[in-house]
Every structure is written in structure tokens, then in C-alpha cells.
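These are my notebook entries on a few places I looked up, with the strands taken before the helices and single residues kept for the end.

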Amino acid sequence: MPAVRNVLVIGAGAAGTATAILLAEGGVSVDLVDIKPDAGAVGSGITLQGNALRVLRRLGVWDQVRAEGYGFDTLGLRAPDPHGTLIAELTDHRTGGPDLPATVGMYRPALARILTDRAVAAGAKVSYATTCTSLDPDGGVTFADGSTARYDLIVGADGVRSWTRDALGIDLGTRPVGMGIWRAFTPRPASVTRTDLYYGGPSYIAGYCPTGADSLYAYVVEEAQDRSALGPEESLAVMRGLAEAYHGPWDDIRPLLTDPSRVNYTRFESHVLPAPWNRGRAVLIGDAAHTCPPTLAQGAAQALEDAAVLAELLLGADRLDDTLWQAFTDRRYERARTVVDASLQLARWLLDRERGDVPGLMARIAHLVSEPA
């Protein structure tokens, strides 16, 4: 028998849906709830590194991800000059193994739909527009409709601003990094066949990632500031203005930035919850436990790894005890913390306009995450 028979997963992002899929497949009764009204995730595109693809294959959704996303194996570095000169073309590490691409770009809501559909097919009960009003570390939960339930385990996979974390009384200081990012989802011109990064210029980073046969998301990273007063048209104008400094394929992308509803702005934040990540019969995973700027594109991958390791341990043990939680800590804490620290190091180099060893840092993290979690 697995260590748990019934589980509540709060949050239907990558970490939550992956946990639900794996546990439901293992015969566990899973309730997956999310405050959002449906599976359409907020955001534009998502970059999935090979170690994320390795987990997605384990979840049984790799064929769909491959069909709907855009895979590539190189990374371009371009100069912020009048020509967008290609400085280097790097063969990216296939961190998921030789039979998977190094990277897949994908429309974020498409990935959310694929994972949610898979969770339902695996047997999880998925409820959107559903919230909890209280929980206790022994597994008791009260829902907003007044109903109550008791679970063998509660998994808080509800993001940076985790309600679960607050309900457990955990005061985790989420710190601003000092950067904000403009993202836009737009048609893909033929000149974009991989991610290219432009470091420097008037912004810290400008880049893009193909997300399908005819789509991409483009992004510009600036000094963090309050952009909340801007309306959609103003936001589009700001992003287009920042992008004017970048050329090469950017000259093909910029005229396609026409839809204000496809532009969004967020500020980078970071935290790592000290181990252990559980309080009794409740555990935090994904962004609820660790989050970092997307400078290494490892956020989704680390969340998926959390889910895979947690499910493996729960299905392989016959009790939920300190031994299981220590095994979870041993396999996840240092690995996630190292990724967060490296992501922050890259951000600090950019903030300080310091020429750090970016290729060396990327190679070190690629080597780490190439090993199974």
C-alpha cells in the first residue's frame, strides 16, 4: 500500500497537476483544486528544459508537448548593436537525455490544458473556482462552500503567493530581485528558430522563444518599476519602445507586436523555504517552496521534479513518516537551492553590469540537472 490513500493538491499549475497525475496513476484518490476559473493559465509562453521534458515524458504527455511545442538544441547570443550580430551559437545541453530536445518552447495555456486533461484521465477529481478557508497540519480542510474533509496529505502547489503556506503559519520572506520583465505572445517570423539572448543595451536582457509552428513569446527585462498604472495600449507601447534597441530577428518580431491583450509585465522575485518543506501532513512544492528569476529557465523544471520525487516516495513507502520527509529533503532541497542561487547570480551580474562567466554557470547547472532528481 502507498504511504497515502487520499490526497488534496492545492494549485493546478505544473507541480500540482504532475503530482495529481502520478499519484492517481498509483491508485491514490486525488482531489486537485484551484482558485482559477479554468485551466487557461495566465501568461504567454514557457521554456521547458530537458529535465522538465524528462518528467513530462514520465507523465505520459510528451507526445502532445512535442506536437504542440517547438523543440530546438542551440542557443544564440547576439549583440545589442544595430545589426543584432550573432556573437555565438551554443549547442545546448540535452539535460533530459539524448533522446529529448535540449529545449521546448510552448504556449503556457496549452501546457496547462494538456496536464489538466491528463490528470482527469488518470482519475484525479479536478475542481476549478474552488478555494479553502482553513486547513490544519493533520490533514483537515474546510472549503469555501462550508464543506469539510480530511486527507492523508495536503500538497500546497499554489505558487509564489501560496495560500497554503500562509495557512500553515509559515512566514517566508519573498524578496524582489530588482528586475521586471515584459512578455508578449505573437506570431513567429521565419527568422526565429530558437532562443536568442541579447545581454546589455538599454535593458538587461532581450530575447525570444519559439512556442509552436507559428507562434513565439518575446521578452525584455528592465529595471523593476511599478507599471501597474499602465493600460493595455500603454503597455504595448512601452514594450515596443524597449524593443527598438534590438535588431536582427527583433526587426521581424517588432511589427508583429500589435495586440495589447498579449502583453504582460511581472517583477522577478525569489525565495527558498528552509528544509523541511512539510508541516505534519502538509507539504509545499514548486514556487510555493522555491522561486527564482527565469534567467536559467528552470522554474517549471524544478517544480516538475518536486512532483516526480514526492510521488515516487509516497508510492514507494508504506507510511508517511520522518524517514520519507528526510528522503524528500535529501533529494530536493540542495538541488533546488543551487538552481535558485545560480539564477540569482546571473541576475546580479546583469544588475551590476558585470561580465560574469555566464557560459560556465549555465554549464554547471546543466550538468547538475542532467542527473535524475
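Entry 1, strand pairing. Before listing partners I fix the term: two strands pair if DSSP finds at least two bridges between them. I also keep in mind that this is a predicted model. With that settled, I looked up L135 and found that its bridge partner in β10 is V141. The two strands concerned, β9 and β10, run antiparallel and are joined by three bridges. I then followed the connection and noted that β9 and β10 form a hairpin with four residues between them, where G139 in the turn has a positive phi of about 105°.

Entry 2, the rest of the sheet. On going from strand β10 (residues 140–143) to β11, I found antiparallel pairing over three bridges, and I noted that G140 stands opposite R150 of β11. Putting the pairs together gives an open sheet of three strands in the order β9-β10-β11, with antiparallel pairing. I marked β9 (132–135) and β11 as the edge strands, since each pairs on one side only. From one strand to the next, the twist averages 20°. For reading the side chains I remind myself that in a regular strand they alternate between the two faces of the sheet.

Entry 3, just past the sheet. Is D152 buried or exposed? I first placed D152 in the loop between β11 (148–150) and β12 (153–156). Its relative accessibility is 16%, and because buried means under 20%, D152 counts as buried. When I set aside the neighbours within four places in sequence, the residues in contact with D152 were V4, R5, N6, R281 and L320.

Entry 4, helices α1 and α4. For the helix pairs I use the usual description, in which two packed helices are characterised by the angle between their axes and the distance between the axes. The axes of α1 (residues 14–25) and α4 (residues 108–122) come within 8 Å and cross at roughly 20°. That angle is under 35 degrees, so α1 is roughly parallel to α4. I recorded the crossing of α1 past α4 as left-handed. On the α1 side the contact involves A14, T17, A20, I21, A24 and E25, which meet L115, T116, R118, A119 and A122 in α4. I sorted the residues of this contact into seven nonpolar, two polar and two charged.

Entry 5, helices α9 and α10. Here the axes of α9 (residues 322–351) and α10 (residues 358–370) come within 11 Å and cross at roughly 165°. With the angle over 145 degrees, α9 and α10 are therefore roughly antiparallel to each other. The crossing of α9 and α10 is also recorded as left-handed. From α9, the contact is made by R335, T338, V339, A342, Q345, L346 and W349, and from α10 by V358, L361, M362, R364, I365, L368 and V369. The residues of this contact of α9 with α10 divide into 10 nonpolar, two polar and two charged.

Entry 6, back to α4. Which residues does R113 contact beyond its neighbours within four places in sequence? R113 lies in helix α4, and beyond those neighbours I found it in contact with A39 and E68. I also noted that the C-alpha atoms of R113 and G40 are separated by 6.9 Å, although the two residues are 73 residues apart along the chain. With a relative accessible area of 35%, R113 is partly exposed.

Key
Residues numbered from 1 in each chain as written. Predicted model: local features only at pLDDT ≥ 70, side-chain atom pairs only at ≥ 80, totals over all residues. Heavy atoms only, no water. Buried < 20%, exposed > 50% of the residue type's maximum accessible area, 1.4 Å probe, protein only. Contact = heavy atoms within 4.5 Å. Axes fitted to C-alpha atoms, helices over the stretch in contact; angles between N-to-C directions. Parallel < 35°, antiparallel > 145°, perpendicular 65-115°, else oblique. Left-handed = near helix turned anticlockwise from the far one by under 90°. Nonpolar A, V, L, I, M, F, W, Y, C, P; charged D, E, K, R; others polar.
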